[in-house]
Amino acid sequence: MDLDAMLEISNQCIHSEPPVCVASCPVHMDILGLVSAIEQKDFAKAYKVMESKVPFARLVGKICDHPCEKSCVRQSIGGSIRINELEKLVVALGYVPPKKAFPLPKNKGKVAIIGGGLSGCVAALELDKKGYAVTIFEKSTRLGGSLWGYEGKGLEKEILEEELSIILQKGIKVQYQTEVLSTDLEEYFKTYDAIYLGSAKWNQELNVDSQTFQVEKSPLFVGGKLQVKNSSIIHSLSSGKRAAVSIDRFISKTSMLASREREGVFQTKLDFKIDKVATLQSVEKSATVYSEDEACLEASRCLKCQCNECFNACVHMQRFNVTPDSYIRSINHNERIILGTHHANKMINACTQCGLCKEVCPVDIGMKEIIHATRESMVLKGKMPPSAHDFALKDMQFSHSDYFSLVRKQPSKEASKELFYYPVIAFSAYARGLYKGSGKTGYLFYPGCQLSATHTDYIGEIYKHLVGVIKNKDADNDVGLYLGCCGAPADWAGRLDLMPQSVAKIQQTWQEMGEPTFILACSSCTATFEKYLPMIKTISLWEVFDTYGLPEVDIKKGKRELCIHDACATRHNEKLHENIRSIAKTLGYTIQELEFSKEKAKCCGYGGLVAYANPEQACDFVKDRRQESENDVLVYCAMCKDMLVKGEKRAYHILDLIYGNEQNPNTLQKMPTLSERQNNRKRLKQTLLKEIWKEEETMDTDTQYDFTLHLPEQIVALMEKRFILASDVQKVIDNALKTKERFYNPKTSDYLARLRIQNVTYWVKYEEEGLNITVKDVYSHRMEVVEN
Amino acid sequence: MENQTKEVKWLCDKCQEALVLEKVKVRYLEGNFEVELLKCPTCKMVFISDDLAMGKMLEVEKGLEDK
């Protein structure tokens, strides 16, 4: 995979993009850091935040003109955060006298500063810090320039003097009463490597570069009022800082422009949305300055503007505390390391690939494709943890096998003759459909592996209904049936080796059947067909129901309200969303739309095989969904129902409503276990063959054992948690009974047996009473133990 | 893996022997280790408890999978 292209995407993420207040502050003070410290009433920390970007913060904090306030996002919803007032209190409570710094050797060069006003003093301090020998030439008898205009108007004389004395403490030379004119410059250039011009007035027009503040290519740099052309304190201060950077680069002969695009005021890409933010009025001060409590309250009004759209919508990002920028960097590291631990594996296998992040992202970044490509890459490199998707892939192989896989044309007229007599033919649309059999398969009903596993008994009914309604309107086209798995688990697991097999098999069947339209009942199948089988025309079962008619089972008005949990795999399928809503309304239900519905559907936690690779993460998804509404949930994906019900949220599949199986709200909802799912698929195939095609299954579907297995409830729960099938337990016990390869505990009379099946060793502790086996514990390990 | 010894005494049912602590080879992915485990001195069948399988072994498996 192209990691550089992926990193480029991470650079587009605006999660770390500064808020507009910071972007409009010429020195980019960390305003979020400042207000956070104030909220904690840590004023010393708040002062440090100011000081790190603002020289003479003790002065500037009191007189800054605060362009940040003019751009504050809170402005229209209660008023801008009063940074001005907050800073005054921070200076009053948080100021700590600077520690005496160890003087550095000033050997990088000599710089003259013309004008000892704020910008000149700032430039002098910055250059001194960088190791330059600095001399200030000031025409008056004191430093500070226009700062003295604030004496008694916000600044006290003592503090002004104390702060400006820092210049002398640093060892910066000052020559007072020295006026420098343009005609003197040539002389100064002989002595100094660069000159900073910070005077308010100058007797010459200068051509100043707006980026570097350099006058043409000369060693002359201009800041202060002369450059910013206004009386803004903070702009003036910023110009001194920026000119100092230019002077340093000029003297050290490095690039004048590299990485300086965002110096000064810039446009942030962050566009913080306030549509859901409540108005909150500014806190008024009860005295001349805010009290600590008032400041704390005012600071807490700050929205801390940051793009967290995807993070707020996704419990996966929350669990791993990542946003696409940091997420992609972790993936990049994980993909590039050769030796060492792949720390991001767990995270990569905990994404449901649902695509919601992209839906909510203002700049269209989605993790779905990145995660998919990453998993494929991990598999190719042999770095995919085998345990993550092993069970799901084995279950998929089961569905691909003859235990479940089945393709049949509509039963022929010839074979259905016994139905074509009164009263059957009069009352059964199905029988009439068969009677109109054309022999041409126009439709192929493909219920998918999970719906067949969990809603087994509906499949035959649906099939008969489809034959009835479709043949009634479209006599040319028969309806066939295809049981199988679309391969979605292989796709989620990044198994490029398995996916083509699944797809090729479906495509071949489609061609052999005369290219029928597939009737799909599963959202994951729909997504897989769209992605891998675009040549096959598909229609959703729900569209067929909605257009051709519902089974007349339970249609009556005035039923209760249900909230719809849309399936994430079909988030862009508007038609399907409408069909489901229309069916529910026809059946008499009222629909509650959730905030995250349709294209913004949230995953149930099954997607991306997260339910197997990281059950705790899957649980987060269910919990998140569960708390969205008090109402019971209507779903149309079998796995969504499974996940929600397991998460103790009452959920109904649309088929439950169609076939009138909405249970009494007081009864406990239960979903089939992993073993029952496989058995259900087997049973479905056998039942359909027998009842619809009058065929007896010839293959040996069930291994018969002499013993009877008893699985107490807590053992069944343990098996679910540990992904152990009853058929595996049976194999272990069968082997133990036959070979006596087992341990015996004389004290409890329990047996403990093990058997390695493929790549897993299963252990079963059991009690044996004649042919009755009661299981007491089950566990497994993948590690191979060499017994010799 | 030593705490297995504190478990209730299991016997090998086939050989009717008490288990002994011995060095056993275990392997997974790129990892090969020798650890002391309980085994039948005759048929060499190795005993792994639930705690060991779902505890330390699982931890080592996960560690190796992320290597």
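**A sheet shared by two chains, and a pocket in chain A**

S20(A) and strand S3 (residues 20-28) of chain B pair in the antiparallel sense, with three bridges between them. Strands here, like helices, are DSSP runs numbered from the N terminus (E, at least two residues, for strands; H or I, at least four, for helices), and two strands count as paired if DSSP finds at least two bridges between them. The model is a predicted one, in which local features need pLDDT of at least 70 and side-chain atom pairs count only at pLDDT 80 or more, while totals for chains, interfaces and linings use all residues. Residues are numbered from 1 along each chain as its sequence is written, chains are lettered from A and ligands numbered from 1 in the order in which they are written, and side-chain values use heavy atoms, leaving out hydrogens and water.

Which residues of S3(B) do the bridging to chain A? A:Val786 has B:Lys25 as its bridge partner there, and A:Glu784 has B:Arg27. B:Lys25 also looks the other way, with B:Glu34 as its bridge partner in S4(B). S3(B) and S4(B) run antiparallel and are joined by nine bridges. They make a hairpin with two residues in between, and B:Leu29 in the turn has a positive phi of about 50°.

Put together, this is an open sheet of four strands with antiparallel pairing, in the order S20(A)-S3(B)-S4(B)-S5(B). Strand S20 (784-786) of chain A and strand S5 (46-47) of chain B are the edges, each pairing on one side only. Helix H1 (residues 50-65) of chain B lies across S20 of chain A and S3 and S4 (31-39) of chain B, running at about 175° to S4(B). That angle is taken between N-to-C directions, from 0 to 180 degrees, with axes fitted to C-alpha atoms, for helices over the stretch in contact (heavy atoms within 4.5 Å).

Now for the pocket. A pocket is an open set of points on a 1 Å grid over the protein atoms alone, where a 1.4 Å probe fits, with protein on both sides within 12 Å along at least five of seven lines; lining residues have an atom within 4 Å of a point. The second largest pocket is lined by 30 residues, and A:Pro98, A:Lys99, A:Ala101, A:Ile166 and A:Lys170 lie nearest its centre. H4(A) gives the most to this lining, with five residues.
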